[in-house]
Amino acid sequence: DRRRRERVMQRLGIVPRLLPDLRAGKKRHTIRWREAAIQPGPLRYVSTADPRESVTVNVTRVITLPLSAVAACLNKVDEWPDAVLLAGMREHYPDIELDSRVEVIFHSAPL
């Protein structure tokens with residue numbers, strides 16, 4: 001039922017080192033691969049180290065594209081050359097490749 005889906009809070013884990021930027025409203029997107037499907041609407045990021053630590057945001061849009069296109073999409077080509085982006089993503093997803101299709105989840109500052 002539609003109302004029930006709207007009431008269920010979406011959740012994603014987040015590593016603790018990203019929480020300060022998330023709380024300050026500096027982190028406004030996340031890149032995910034083979035995780036739960038996220039839709040526009042409320043989302044709670046939950047610390048992977050301490051589930052009592054969380055931040056709620058509003059997802060504004062989700063796009064799917066190859067990992068190799070993410071840096072250009074986010075205007076971070078200079079910061080994230082392919083090798084840097086791939087190495088960073090492999091910290092979380094060891095099997096990811098540049099041609100893997102990922103979701104870029106855009107969201108608001110904390111609610």
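Biologist: Where does Ala37 lie?
Modeller: Happy to start there, with the reminder that this is a predicted model. Ala37 has 65% relative accessibility, so Ala37 counts as exposed. As for its place in the chain, Ala37 lies in the loop between S2 and S3.

Biologist: How many Å apart in space are Ala37 and Glu103, C-alpha to C-alpha?
Modeller: In sequence, Ala37 and Glu103 are 66 residues apart. Glu103 is also the bridge partner of Arg32 in S5. From C-alpha to C-alpha, the distance between Ala37 and Glu103 in space is 8.8 Å.

Biologist: Which residue in the loop between S2 and S3 has a positive phi although it is not a glycine?
Modeller: The phi in question is about 55°. The residue has 70% relative accessibility and therefore counts as exposed, being over 50%. Its place is the loop between S2 and S3, and its name is Arg34.

Biologist: And in the loop between H3 and H4, what is the phi of Asn75?
Modeller: Asn75 is found in the loop between H3 and H4. At 70% relative accessibility, Asn75 counts as exposed because the cut-off is over 50%. Asn75 is not a glycine, yet its phi is positive, at about 55°.

Biologist: What is the order of the strands in the open sheet?
Modeller: Let's look at the edges and then read across. S1 and S2 (29–32) are the edge strands, each pairing on one side only. The pairing in this sheet of five strands is mixed, and neighbouring strands are turned by 40° against each other on average, direction ignored. The order is S1-S3-S4-S5-S2.

Biologist: Do S1 and S3 pair in the parallel or the antiparallel sense?
Modeller: Strands of a sheet pair through backbone hydrogen bonds, and both senses exist. Here S1 and S3 (residues 41–47) are joined over five bridges. One partnership to look at is Gln10 with Leu43 in S3. The sense of the S1 and S3 pairing is parallel.

Biologist: Which residues of S1 point to the buried face?
Modeller: In a regular strand the side chains alternate between the two faces of the sheet. S1 (residues 10–14) shows this alternation, with Arg11 and Gly13 pointing to one face and not buried. Pointing to the other face, and buried, are Gln10, Leu12 and Ile14.

Biologist: How many bridges join S4 to S5?
Modeller: S4 (residues 54–66) and S5 run antiparallel. In this pairing, Leu65 stands opposite Val102 in S5. S5 (residues 101–107) also runs antiparallel to S2, with four bridges joining them. For S4 and S5, the number of bridges is seven.

Biologist: How many of the seven residues of S5 are buried?
Modeller: S5 has S4 as one antiparallel partner and S2 as another. The strand is mostly covered. Of its seven residues, the number buried is five.

Biologist: Which way do the planes of Trp33 and Tyr93 meet, stacked or edge-to-face?
Modeller: The model has one aromatic pair by this rule, and it links distant parts of the chain: Trp33 in the loop between S2 and S3, and Tyr93 in the loop between H4 (82–90) and S5, 60 residues apart. Trp33 counts as buried because its relative accessibility is 10%, and Tyr93 counts as buried because its own is 11%. The ring centres are 6.0 Å apart with 85° between the planes, and the pair is edge-to-face.

Biologist: Which residue lies over the face of Phe106, and at what distance from the ring centre?
Modeller: There are charges over rings here, one of them being Lys76 over the face of Trp80, at 5.2 Å from the ring centre. For Phe106, the residue lying over the face is Arg61, and its distance from the ring centre is 4.1 Å.

Biologist: Which elements do the buried residues of H4 pack against?
Modeller: The buried residues in H4 are Leu85, Leu86 and Met89. They cover an arc of only 95° around the axis, so they are on the same side of H4. The general geometry of a helix fits: with 3.6 residues a turn, residues three or four places apart point the same way. The elements that these buried residues of H4 pack against are S2 and helix H3 (70–73).

Key:
Residues are numbered from 1 along each chain as its sequence is written. This is a predicted model: local features need pLDDT of at least 70, side-chain atom pairs count only at pLDDT 80 or more; totals for chains, interfaces and linings use all residues. Side-chain values use heavy atoms; hydrogens and water are left out. Buried means under 20% relative accessible area, exposed over 50%, partly exposed in between (1.4 Å probe, protein chains only). Helices (H or I, at least four residues) and strands (E, at least two) are DSSP runs, numbered from the N terminus. Two strands pair if DSSP finds at least two bridges between them. Axes are lines fitted to C-alpha atoms, for helices over the stretch in contact, and angles run from 0 to 180 degrees between N-to-C directions. Rings of Phe, Tyr and Trp (its six-membered ring) pair if their centres lie within 6.5 Å; planes under 30 degrees apart count as stacked, over 60 as edge-to-face and the rest as tilted. A charge sits over a ring if NZ of Lys or CZ of Arg is within 6 Å of the ring centre and within 35 degrees of the ring normal. The arc is that of the directions from the helix axis to the C-beta atoms. Contact means heavy atoms within 4.5 Å.
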